[in-house]
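Reader: I would like a close look at one part of this model, the sheet and what packs around it. Please take me through it strand by strand and then side chain by side chain.

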Amino acid sequence: MIPVALFNFEAGGLRHGQRNLRPLVDAFHDVQAPPALILLCEAKTWHEDGQRPLHHAAELLADRFDRPYVGVLGHDPHSPMPPAILYDPTLLTLRSWPAPADPHVFADKCNIAVFAIRDTGEPGTPDSRTTFAAAVTHWDPHCGIRRQQAALLDRYGTTDMPVIVGGDLNSTASGPHLPQRDWTAAGHRARAQKARRHPDGTWTADTDAVDHLIGRWNPETHHRTDGCGFHALAELARTANPQMPLLPTVNNGIDVGGGLLIDWLLANDTMRPHVDPGSYRVHVPARQPYPSDHRLVTATLVFDTPPPTPCHHPHDRLPSSGGTRESAPACAVPAAEPTSARVGRRRSPHAQPVASGVGEMLPQNDTYHPHLPTLRNMARHHQDKLIIER
């Protein structure tokens, strides 16, 4: 199992010119299972002093959970507030993470990590381990820019490697089952950032950016249509338990008119079978002052069985597939097996190996044949496609 946590830690703990990382630990006060992967949205100036704030945050959470967390800092070209990832190296091996200072990284590859799960595959054969990608992002508060940022992620919705996206997307999605905001109470600036005005003068939430990824809610069929292959873990959880309310991810009193669900965990089509929907939770702080203006969000990924063998690494540039997609009705989502039934189960030694991309170590004694699914053939297939596309 891979427990995942998403947290927008306000200004990276920097308030009134002083940094305090203790609230980061306080946000996890009721979390029992140590997260294997922690996605942080506001690592403000964590690059300073040799990235000391990043490593201090990892150390504090390592003491909290007794796990040896390692941190990597992302990149935000428009501000000193990049995202960051903390991960448990006893469970995960980092395979790739584009360097923030690399001027040649495409915008749709920034802040996307590829991990291998250590306790999978054939012993002594790293190439057989299960791999997945994790993207951490923090979208702009302005409506038009968010739609462009959504476009940078849309191609990962149908990639054949499992992908989890976590971030403060600064916007909600369409659908009456999600938390709503009284836009008449919100100020003009708040409306301009997160809402849209209709010709009759009324305001509704601007949902275009998130809907681009997960699909627009159809009030007649009660499911989403025309998404890019992503599924909101919040909605998967509600499907598994229709009585569970979907909570805002912004704390009470922060947004006038009511908080929205704007901190999202999204799984692509390949990752969806590995989501334990019953594990999704928005953690409401027990007391004030709040650790942050946003709430911690957690969920668990379960890799009991290997995903299909990927043909493309998430950092490869893929051609546009075109067309539209209709999400399966919410009622069609299969119920998850109880987590307790999965604990302790190990992957079969005969499970299909999973290739994780061109950058992996390849055996040196195989020869190229277009019909043999060897790692080298797949790598050369990638290279051929890259030459054609560029």
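Author: This is a predicted model. A good place to begin is one pair of strands: S9, residues 131-138, runs parallel to S10, residues 163-168, and the two are joined over 6 bridges. Within this pair, valine 136 has glycine 166 of S10 standing opposite.

Helix H6, residues 233-240, packs on the sheet to which these strands belong. The helix touches S10, S15 and strand S16 (263-268), and its direction makes about 60° with that of S15.

The sheet as a whole is open and has 6 strands, in the order S7-S8-S9-S10-S16-S15, with mixed pairing. Strand S7 (92-96) and strand S15 (230-232) are at the edges; each has a single partner strand, so one side of each lacks a neighbour in the sheet. On average, and ignoring direction, neighbouring strands here are turned by 30° against each other.

Now to the side chains. The largest nonpolar core has 58 residues, and Leu37 and Phe132 are the members that touch the most others. Leaving aside residues up to four places away in sequence, leucine 37 touches Pro3, Val4, Ala5, Ile85, Leu86, Tyr87, Leu92, Phe115, Phe132, Ala134 and Ile164. There is also a second, separate core of 25 residues, with Val25, Val31, Leu54 and Leu296 among them.

Phe132 appears again among the aromatic contacts. The structure holds 5 aromatic pairs. In one of them, the ring centres of phenylalanine 132 and phenylalanine 303 lie 5.7 Å apart with the planes at 25°; planes under 30 degrees apart count as stacked, so this pair is stacked. The pair links distant parts of the chain, 171 residues apart: phenylalanine 132 is in strand S9, whereas phenylalanine 303 is in the loop between strand S18 (296-301) and helix H7 (339-342).

Both partners are shielded. Phenylalanine 132 has a relative accessible area of 0% and is therefore buried. Phenylalanine 303 has a relative accessible area of 10%, under the 20% limit, so that residue is buried too. Together with Tyr87 and Phe115, these two residues, Phe132 and Phe303, form one aromatic cluster. Tyr87 and Phe115 are also among the residues that leucine 37 touches.

One further ring contact can be added. Arginine 64 lies over the face of phenylalanine 65, at 4.3 Å from the ring centre.

Definitions and conventions: Residues are numbered from 1 along each chain as its sequence is written. This is a predicted model: local features need pLDDT of at least 70, side-chain atom pairs count only at pLDDT 80 or more; totals for chains, interfaces and linings use all residues. Side-chain values use heavy atoms; hydrogens and water are left out. Two strands pair if DSSP finds at least two bridges between them. Helices (H or I, at least four residues) and strands (E, at least two) are DSSP runs, numbered from the N terminus. Axes are lines fitted to C-alpha atoms, for helices over the stretch in contact, and angles run from 0 to 180 degrees between N-to-C directions. Contact means heavy atoms within 4.5 Å. A nonpolar core is a set of buried Ala, Val, Leu, Ile, Met, Phe, Trp, Tyr and Cys residues joined through side-chain atoms within 4.5 Å. Buried means under 20% relative accessible area, exposed over 50%, partly exposed in between (1.4 Å probe, protein chains only). Rings of Phe, Tyr and Trp (its six-membered ring) pair if their centres lie within 6.5 Å; planes under 30 degrees apart count as stacked, over 60 as edge-to-face and the rest as tilted. A charge sits over a ring if NZ of Lys or CZ of Arg is within 6 Å of the ring centre and within 35 degrees of the ring normal.
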